[in-house]
Amino acid sequence: LSPIDYTVMPDRIEAGTFLAAVAAAGGEVIIEDFPFDSLVAVVDKFLESGLTVEKVGVRVALVRKERPLKGTEVITQPYPGFPTDMQAQFMAAMCLAEGTSVITETIFENRFMHVPELQRLGANLEKKGNTVIVNGVKKLIGAEVEATDLRASASLVVAGLAAENTTVVHNIYHLDRGYERLELKLKALGADIERFDDGR
């Protein structure tokens, strides 16, 4: 074996989660080290829904929400298709889109455990087998919700950013399996978010 220099690729799911956060909560964000090549399917769906994603340089994305989102259809697929690991975050954003979205999960069974938790926030969701019909609502209202897995926890944070009043996400140890101090990065963008020990 011979020594080489190798740079680990950026986390495409973390980058996609920031797209979902802007789609849900609004604003304008610059994402550095954005993995355009490995996130084409996700970017395309957010563009289709009305989010603006501009390439600024090789690895920088300028993301902003300039108008209300509109419903769209997503089917999870193996790479390079739409990743199952972005399904929950995309659904959280589509909860606030105008019209109806249809989200179909083809990779994992029972990967809709975030659906009842999003419903606690006021989302209008109807589960039919491996598909969820998302009827967009005008607003989400804060509530206490339970994170059931890694991507579900991210979706609840995304929804909570956009919801009125306060949202408390329990069991965020799931979140820490895939994100490094996500709340600090969101706080740096202006989000009103903090981590605390609920004593459980």
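**Exercise 1. Determine how S5 and S7 are joined in this predicted model, and place S7 in its sheet.**

Step 1. S5 and S7 run antiparallel, and five bridges join them. One position to check is Thr 100, which stands opposite Asn 135 in S7.

Step 2. On S6, strand S7 (residues 131-135) has another antiparallel partner, again over five bridges. Glu 126 has Ile 133 of S7 as its bridge partner, and Lys 127 stands opposite Val 132 in S7.

Step 3. Put the pairs into the sheet. The sheet is open, has four strands in the order S4-S5-S7-S6, and its pairing is mixed. Strand S4 (73-75) and strand S6 (124-128) are the edges; each has a single partner strand, so one side of each has no neighbour in the sheet. On average, neighbouring strands are turned by 15° against each other, with direction ignored.

Step 4. Add the helix. Helix H3 (residues 87-94) packs on this sheet and touches S4, strand S5 (100-104), S6 and S7. The direction of H3 makes about 170° with that of S5.

Step 5. Consider burial. Residues count as buried under 20% relative accessible area. Four of the five residues of S7 are buried, so S7 is largely enclosed by the rest of the structure.

**Exercise 2. Find which residue takes a positive phi in the hairpin of S6 and S7, and which one does so in the turn between S2 and S3.**

Step 1. The hairpin of S6 and S7 has two residues between the strands. Gly 129 takes the positive phi there, near 65°.

Step 2. In the hairpin of S2 and S3, four residues lie between the strands. The turn residue with a positive phi is Gly 57, at about 80°.

**Exercise 3. Work out the order and pairing of the three-stranded sheet, and locate the helix that lies across its strands.**

Step 1. The order is S1-S3-S2 in an open sheet, and the pairing is antiparallel. Strand S1 (28-32) and strand S2 (52-55) are the edge strands, each pairing on one side only. From one strand to the next, the twist averages 20°.

Step 2. Take the pairs with S3. S1 is joined to strand S3 (residues 60-64) by five bridges. Along this pair, Glu 28 has Arg 64 of S3 as its bridge partner, and Glu 32 stands opposite Val 60 in S3. S2 is joined to S3 by four bridges, with Lys 55 opposite Ala 61 in S3.

Step 3. S3 is mostly covered, with four of its five residues buried.

Step 4. The helix is H1, which lies across S1, S2 and S3 and runs at about 175° to S1.

**Exercise 4. Decide whether H1 and H2 are roughly parallel or antiparallel, and state what kinds of residue make the contact.**

Step 1. Two packed helices are described by the angle between their axes and the distance between the axes. For helix H1 (residues 12-25) and helix H2 (residues 40-49), the angle is about 10° and the axes are 10 Å apart.

Step 2. Angles under 35 degrees count as roughly parallel. H1 and H2 are therefore roughly parallel to each other.

Step 3. List the contact residues. H1 supplies Gly 16, Leu 19, Ala 20 and Ala 23, while H2 supplies Val 42, Val 43 and Phe 46. They divide into six nonpolar, one polar and no charged.

**Exercise 5. Identify the residues with the most contacts inside the largest nonpolar core, and the element that gives the most to this core.**

Step 1. In soluble globular proteins, nonpolar side chains tend to be buried together. Here the largest nonpolar core has 61 residues, and Leu 19, Phe 46 and Leu 118 have the most contacts inside it. H1 gives the most to this core, with nine residues.

Step 2. Examine Leu 118. Leaving aside residues up to four places away in sequence, Leu 118 touches Met 91, Ala 92, Cys 95, Ala 123, Leu 125, Ser 155, Leu 156 and Ala 159.

**Exercise 6. Classify His 174 as buried or exposed, and list what it touches.**

Step 1. His 174 is in the loop between strand S9 (168-170) and helix H6 (182-188).

Step 2. The relative accessibility of His 174 is 13%, so the residue counts as buried.

Step 3. Not counting residues up to four places away in sequence, His 174 touches Ala 147, Thr 148, Asp 149, Leu 150 and Ser 153.

How values were computed: Residues numbered from 1 in each chain as written. Predicted model: local features only at pLDDT ≥ 70, side-chain atom pairs only at ≥ 80, totals over all residues. Heavy atoms only, no water. Axes fitted to C-alpha atoms, helices over the stretch in contact; angles between N-to-C directions. Parallel < 35°, antiparallel > 145°, perpendicular 65-115°, else oblique. Contact = heavy atoms within 4.5 Å. Nonpolar A, V, L, I, M, F, W, Y, C, P; charged D, E, K, R; others polar. Pairing = 2+ DSSP bridges. Core = buried A, V, L, I, M, F, W, Y, C linked by side-chain atoms within 4.5 Å. Buried < 20%, exposed > 50% of the residue type's maximum accessible area, 1.4 Å probe, protein only.
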